[in-house]
Amino acid sequence: SGSSDPYCLVKVDNEVVARTATVWKSLDPFWGEEITLLLPRGFRILTIYVLDEDTIGQDDVIGKVSLSHRQISAEPRGIDSWLSLAPVNPDQEVQGEIHLELQVPEEGPPRVLRCHLIQARDLAPRDPSGTSDPFARVSCCGHTLETAVIKKTRFPRWDEVLELELPEGELGEAVLSVEVWDWDIVGKNDFLGRVEFPLDTLCTGSTRGWFQLLPFPSTSEDHRGQLGALRLAVRLVEDTVLPPHHYQPLIQLLTEPILCPGQPPEGTALAVLEEVTSGESRQDVATKLVKIFLEQGLAVSLLDYLTTRELARTNDPNTLFRSNSLASKSMEQFMKVVGLPYLHEVLKPVVNRIFEEKKYVELDPGKMELSRGRRISFKGSLSEEQVQASSLELLKGYLGDIIDAIVGSVDKCPLPMRVAFKQLRRRVEERFPLAQHEEVRYFSISGFLFLRFFAPAVLTPKLFRLREQHAEPRTSRTLLLLAK
């Protein structure tokens, strides 16, 4: 069809840790998914694979982006850029470890390298059964020996000792290579990984342990830009978390203006925090503040404090809470934390019906595909006016159901949200008491409840966990028109 159904797999050291939803029929997919991973401190590489989902057969691999621990940690503020997709070479896609014991006697002749291949674990599956038939190959100074093949396993145990006779004299830059392969009865064997040891490092005694299997050095040509690019925002945060009592002074400092409201607001920790928080970090600060104050049972009081300060700075009621201020971001985060189950109860039935019905809806004549009218009528293609009329009727039906669900959900709305909005309305009335500003009290609430809560959830249900998958293009267009 000239398009793909792309999704991403996230791997840390070759272990799959996350998967995005599939974006159907698109060469320019937008996922917008945020994934938080708790990683071991010693992780080596983060890899994101882009694949094309197929209903029949295996999914096609489009390309990948790999970032080492060193690359990510070198950017304290994070990596946020377009990164070119690299081709995926099976010989580079290795995983697992091998358990070895190596001994080289100091004297000869003859000097014999003794290689005890004990076992391997977590090897890559190369056969359709999801396993492999692994054997190990040891090479040094022109000599090669192999272990037996262990059938249908990713955790082979060989427990074999292979001995290689070394040449007399200086070994120089000689290297011992241990490779693991998947044996195939038809065609060539599949590479599973390797590890190398310079012989001069082995001559000092016995070496034993688990060793990470590595790929062959890359010899592939540069495919920069040919496979597309992936926009990523990756940030590594290494936190040391102390016992709770260590944070008590900070919590007291933050909650002081709420618990002791008599002091001048300008000198409080919250006021200073609000002044120094930049736009790019405001979301993080708001998220953490809401969590802290929810734990203390003071989240509604925090919102009242922040919105009151913003009201004091606002002279034009038409611009009230329209910026991404700390007050707006905190209210937005508060609604997500407190109101997500409520949002699901209200919107899920209608959103599910829109996904299932897959109706063609379009109001813009420049974007209409009149041939799709056959899906609306069996009498042939419809005119532009007929498609508009049909679309408008469908949109009104969906929108009516959404509005009815919201209006009829007063009793289901969480009490903290209702209290927060009641306080907000009272503060707005105090700041703009004139009759000409009577509607501002309602706009201030609907700006949060509709523009920052219900409408974004209708637009992208996946990001609010209303659906497991993103909408395909036709449904996505319907949701966009409804959100508008």
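Tutor: Let's start with a definition: a polar contact is a pair of N or O atoms within 3.5 Å. Keep in mind that this is a predicted model.

Student: Thanks! Which side chain does the side chain of His470 join in a polar contact of 3.3 Å?

Tutor: Begin with the setting: His470 sits in the loop between helix H10 (440-459) and helix H11 (473-483). Its side chain reaches the backbone oxygen of Trp31 at 3.2 Å. The side-chain partner, at 3.3 Å, is that of Glu33.

Student: Is His470 buried or exposed?

Tutor: Beyond its neighbours within four places in sequence, His470 is in contact with several residues, including Trp24, Phe30, Phe355 and Leu463. Its relative accessible area is 11%. Buried means under 20%, so His470 is buried.

Student: How many disulfides does the count come to?

Tutor: Happily, one cysteine pair shows the reasoning well. A disulfide needs two cysteine sulfur atoms within 2.5 Å. The sulfur of Cys141 has its closest cysteine sulfur in Cys140, and because they are 3.6 Å apart, that is too far for a bond. The count of disulfides is zero.

Student: Which strands stand at the edges of the open sheet S10-S7-S6-S13?

Tutor: Four strands make up this sheet, with antiparallel pairing. An edge strand has a single partner strand, so one side of it is left without a neighbour in the sheet. That describes strand S10 (157-166) and strand S13 (206-212).

Student: And which residue in S13 does His99 stand opposite?

Tutor: Strand S6 covers residues 97-103 and pairs with S13 in the antiparallel sense over seven bridges. The residue in S13 that stands opposite His99 is Trp210.

Student: Now the rings: how are Tyr342 and Phe453 arranged as an aromatic pair?

Tutor: The structure holds seven aromatic pairs. In this one the centres are 6.5 Å apart, with 15° between the planes. Planes under 30 degrees apart count as stacked, so the pair of Tyr342 and Phe453 is stacked.

Student: What kind of pair do Tyr342 and Phe454 form?

Tutor: Tyr342 in helix H7 and Phe454 in helix H10 are 112 residues apart in the chain. Their ring centres are 6.1 Å apart with the planes at 70°. Planes over 60 degrees apart count as edge-to-face, so the pair of Tyr342 and Phe454 is edge-to-face.

Student: Which residues do ring pairs link into a cluster with Tyr342?

Tutor: Two of its members are buried: Tyr342 at 5% relative accessibility and Phe454 at 3%. Ring pairs link Tyr342 into a cluster with Phe450, Phe453 and Phe454.

Technical notes: Residues numbered from 1 in each chain as written. Predicted model: local features only at pLDDT ≥ 70, side-chain atom pairs only at ≥ 80, totals over all residues. Heavy atoms only, no water. Helix = DSSP H or I, 4+ residues; strand = E, 2+ residues; numbered from the N terminus. Buried < 20%, exposed > 50% of the residue type's maximum accessible area, 1.4 Å probe, protein only. Polar contact = N/O pair within 3.5 Å; in protein donor to acceptor, adjacent residues only side chain to side chain. Contact = heavy atoms within 4.5 Å. Pairing = 2+ DSSP bridges. Phe/Tyr/Trp six-rings, centres within 6.5 Å; stacked < 30°, edge-to-face > 60°.
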